[in-house]
Each structure stands twice: as C-alpha cells, then as structure tokens.
Amino acid sequence: YYPDSRSISYSTLTRFPPVKLLSPEKRKRILVTGGAGFVGSHLVDRLMLLGHEVTVLDNFFTGSKTTVGHWVGHPNFELVRHDVVEPYMTECDQIYHLACPASPPHYQFNAVKTVKTSFMGTLNMLGLAKRTKARFLITSTSEVYGDPEVHPQHEEYWGNVNPIGPRACYDEGKRVAETLTYGYHRQDGVDVRVARIFNTYGNTYPVMNPFDGRVVSNFIMQALRGEDMTVYGDGSQTRSFQYIHDLVDGLIALMNSDETRPVNIGSSDEFTIGEFALLVRDIVEKVQKEDGTAPARRVQVIYKPLPTNDPQKRRADTTRAKQVLEWQPRWTVRMGVEEMVRYYKAKMAEGSI
Ligand code: NAD
Ligand code: UDP
Ligand code: UDP
C-alpha cells in the first residue's frame, strides 16, 4: 500500500531521487523559508528524501532557484518566490524559518533590509504558526553571543553585542527574532524551537556559490586558484566549523524533540583563523598532489585589516544538544573540507565556476 501514489508515477521515479513513502499521519507539510539558500537547500533535500511535503519560500536574495531546481515538478515539492517581510498564508505542520542572509558581506549590503527581514519576517512566520498551530523553528546564530566574554558559549550566556556596529543588523536582528519567538510562545502558546547555529560550511548543490564571502569558501577558492589566502587581522581570532550534514541532522532532531529552550548546534573543534588557513592549504595541496595539479608556486597567506567588531573567540558548548537531542557532529573538519575541495576542484575543471 503506497500512501501517496503520486510519488511512484513513472515520470516521478525516473526524474527525481527516490523519496520515502510515508503514511499520511507521518507525512508532514513543511514550510522552509530561505529554503533556496546554503543551509536551506540541504535541509530541503533531506526533508524531501524523508518523504515530507515541502514548500520553499525564498526571495532569492542570496539563494538561487538552481539549488532546489532538482525538485521542481515533484508532487511533494513547491517553490514560491516570496519575501517574508510580507505576510504569507498557507496551511502547514512545521515551519523551518531560515530566511535571512548570513554572510557578513551579504547581510551588511543592506543593513535596514536585514533588520526588517529578521523582525518582520519572523513576526509573519510566527503569525502563520499561531494561526495554523504549526511547530516553528528559527535558525538563530552564535552571533547573539556577540564578541563573547564567556568561553566556550553556552545557552545561558546573554552575550556581548554592539547594538550600533556594522554587524548589529544581523546580531540584533536575530536577538529580537528570538525575543519575538518567546513572546509568541508565552502569550499565544506557539510551539517553538530555537537553534543557535555556529559557523557552518559545505557545498551548495548542484551549482555552488563560491563567492559567498565566508571564510571557508574564500580560503578554498583562493588556494585552488593559486591566489594569496586572505587572513583578516593577525589570524588569532578563533572559530569552530561544522559541516552542513551535521547541522541538518541537528535541525531535524531539534524540530522533532520536546526542547523549547535555545540549543547550540555547532562544532567544538576550535581553530585560530591563522591555523585554519594553513590547514586548508594543506588539504588543497594533498588533493592537488594526488592528481598532479600542484602549482609551481606555493600559495601564500597574506594579512588584511580585521573587520570592525569581529568576534575574537568563538566555540560552541554543545552539552545541551548532546543531552536533549543525543546529537553530536560526525564530520571532522579535515573530512568536510577535503570533500568540499574535491567538489570545487571538479566544478572548476568542468568550467562551471
Ligand atoms: P544563505 O544566505 O545561503 O541563505 C539565506 C536564504 O534566505 C537565501 O536563500 C535568501 O535568498 C533567503 N532570504 C533572505 N532574505 C529573505 C527574505 N526577506 N525573504 C525570503 N527569503 C529571504 O545563508 P545560510 O548560511 O543558508 O543561512 C540560513 C540560516 O541559518 C539563516 O537564518 C542564518 O542566519 C542561519 N545561520 C547560518 C550559519 C552558517 O554558518 N551558515 C550560522 C548561523 C546561523
Ligand atoms: N500572518 C501571516 N500569515 C498568517 C497569519 C499571520 O503572514 O497566516 C502575519 C500577519 O499579517 C501579521 C503577523 O503575521 O502581520 C502577526 O500575526 P498575528 O496574528 O500575531 O498579529 P495581528 O495580525 O493580530 O497583528
Ligand atoms: N575571515 C578571514 N578571511 C576571509 C574571510 C573571513 O580571515 O577571507 C575571518 C573573519 O574575519 C572572521 C572569521 O574568518 O574572523 C570567520 O568569518 P566568516 O565571515 O566566515 O564568519 P563570522 O564568524 O565572522 O560570521
């Protein structure tokens, strides 16, 4: 007995990756805002493969139709161009609210729009959750801790954010989005989940965005092209990097858990940015040696000014995620970066980037 026979029609089976066939009580109608972005497109892939019905809302500011294009036409999938700053009506069971640019050059491009997206977008999606009684998950960020005085950062820490600096549109936007989320939770009984995501890296399939501006793709692209690798400041600032597949596991686990408090989802494997540049160079060189494409001149690390308010230290304390979600990262940085390097290299070789 196949509960949704539309998914086993000949044309569906031959055009799309095979999705699970869920019974109607298990199959959820899931709205993913920002679903055409980096994290969103990976989340959409996983939710589709799990057999759910997925609607993506995206205004394609930093995302692109191509990242989810392989699902267009599938009976379980819908792609809607919509700006979450405007109200939106639909019926659904779960909302993953991701819509918001996340790379510093992107979110600083139009600071006012970033704040509007965080505030009005989250307000609208919470209004939708209230009306439909859908469960609502927001992707908040480690940026709510700002330039932290507590290390590593646990969820009870209130943060140290400059409210008027160049990063404020993103940091304060997410902080007010969390405030709204708990406002709706307390006042209207909306069922909420809050993920505080730490630095995440990975490919965007099938067409990737190598010009995202965040550090991992910058370093890999520079090293592969034989350009100097740009470390901002003296490289002593730290970050912990998680691979996209671990994040998607964590988001789905959180959505389906009973935890309404914020939960950090990230890696606790901390590097200085200077060390990280050398690690990326090492991995790129290893891959190039294997296929005999090592350049004559070794790529150099050069230093550029440190952006204003760049957090000095950041590492996720993931005790809560381990306890309540039984989740922990499975990918080491070496494994994830190597996978990413191979993918970028293949795309460069075929001329698509
Ligand atoms: P991204 O920029 O690749 O994706 C964001 C998506 O939201 C894009 O598809 C963009 O077009 C869409 N979007 C932006 N403004 C919108 C609007 N007003 N209406 C509709 N769609 C809009 O970024 P990402 O890395 O995929 O981040 C996704 C979410 O995860 C964001 O909420 C971000 O704050 C959060 N997050 C990401 C990281 C990370 O390291 N990737 C870390 C912390 C938090
Ligand atoms: N909203 C939405 N979709 C819905 C329900 C509400 O976009 O399905 C928007 C609504 O337009 C409003 C916001 O969500 O701007 C907050 O809704 P709520 O019902 O909490 O507030 P009110 O409409 O009473 O101001
Ligand atoms: N960074 C860098 N070189 C780059 C891009 C970023 O040294 O080409 C640094 C940046 O200053 C920050 C860290 O790498 O200290 C992570 O930057 P990213 O923009 O990826 O994310 P952030 O954690 O700052 O939001």
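Which residues surround ligand 2? In this predicted model, the residues around ligand 2 are Pro87, Tyr88, Met89, Leu123, Asn124, Gly127, Leu128, Lys130 and Arg131. Sorted by class, the shell around ligand 2 holds five nonpolar, two polar and two charged residues.

**Ligand 1**

Ligand 1 is surrounded by 30 residues. The closest of them are Gly34, Gly37, Val39, Thr62 and Gly63. By class, the shell around ligand 1 comprises 14 nonpolar, 14 polar and two charged residues. Two helices, α2 (38-49) and α4 (111-132), and two strands, β2 (53-58) and β5 (135-141), each supply at least two residues to the shell around ligand 1. The most comes from α2, with three residues.

**Helix packing**

Two packed helices are described by the angle between their axes and the distance between the axes. The table gives these values for two pairs.

| Helix pair | Angle between axes | Distance between axes | Crossing |
|---|---|---|---|
| α2 and α7 (residues 244-255) | about 65° | 10 Å | right-handed |
| α6 (residues 215-225) and α10 (residues 333-349) | about 50° | 10 Å | right-handed |

Helices α6 and α10 pack at an angle of about 50°. An angle that is neither under 35 degrees, nor over 145, nor from 65 to 115 counts as oblique, so α6 is oblique to α10. On the α6 side the contact is made by Ile220, Met221 and Leu224, and on the α10 side by Met340, Val341, Tyr344, Lys345 and Met348. In the contact of α6 with α10, seven residues are nonpolar, none is polar and one is charged.

Helix α2, which contributes to the shell around ligand 1, also packs against α7. From α2, the residues Val39, His42, Leu43 and Arg46 meet Ile244, Leu247, Val248, Leu251 and Ile252 of α7. The contact of α2 with α7 has seven nonpolar residues, one polar and one charged. Val39 thus appears in two settings: Val39 is among the residues closest to ligand 1, and Val39 is one of the α2 residues that meet α7.

**Helix α5**

Does the length of helix α5 match or depart from what its 21 residues should span? Helix α5 covers residues 168-188, and at 1.5 Å a residue it should span 30 Å. The C-alpha atoms at its ends are 28 Å apart, which agrees with the expected span. After α5 comes glycine 189, with a positive phi near 70°.

Note on methods:
Residues are numbered from 1 along each chain as its sequence is written. Chains are lettered from A and ligands numbered from 1 in the order in which they are written. This is a predicted model: local features need pLDDT of at least 70, side-chain atom pairs count only at pLDDT 80 or more; totals for chains, interfaces and linings use all residues. A residue is near a molecule or strand if its C-beta atom, placed from the backbone, lies within 6 Å of it. Helices (H or I, at least four residues) and strands (E, at least two) are DSSP runs, numbered from the N terminus. Ala, Val, Leu, Ile, Met, Phe, Trp, Tyr, Cys and Pro count as nonpolar, Asp, Glu, Lys and Arg as charged, and the others, Gly among them, as polar. The expected span of a helix is 1.5 Å times one less than its number of residues. Axes are lines fitted to C-alpha atoms, for helices over the stretch in contact, and angles run from 0 to 180 degrees between N-to-C directions. A crossing is left-handed if the near helix is turned anticlockwise from the far one by less than a right angle, and right-handed if clockwise. Two residues are in contact if their C-beta atoms, placed from the backbone, lie within 7 Å.
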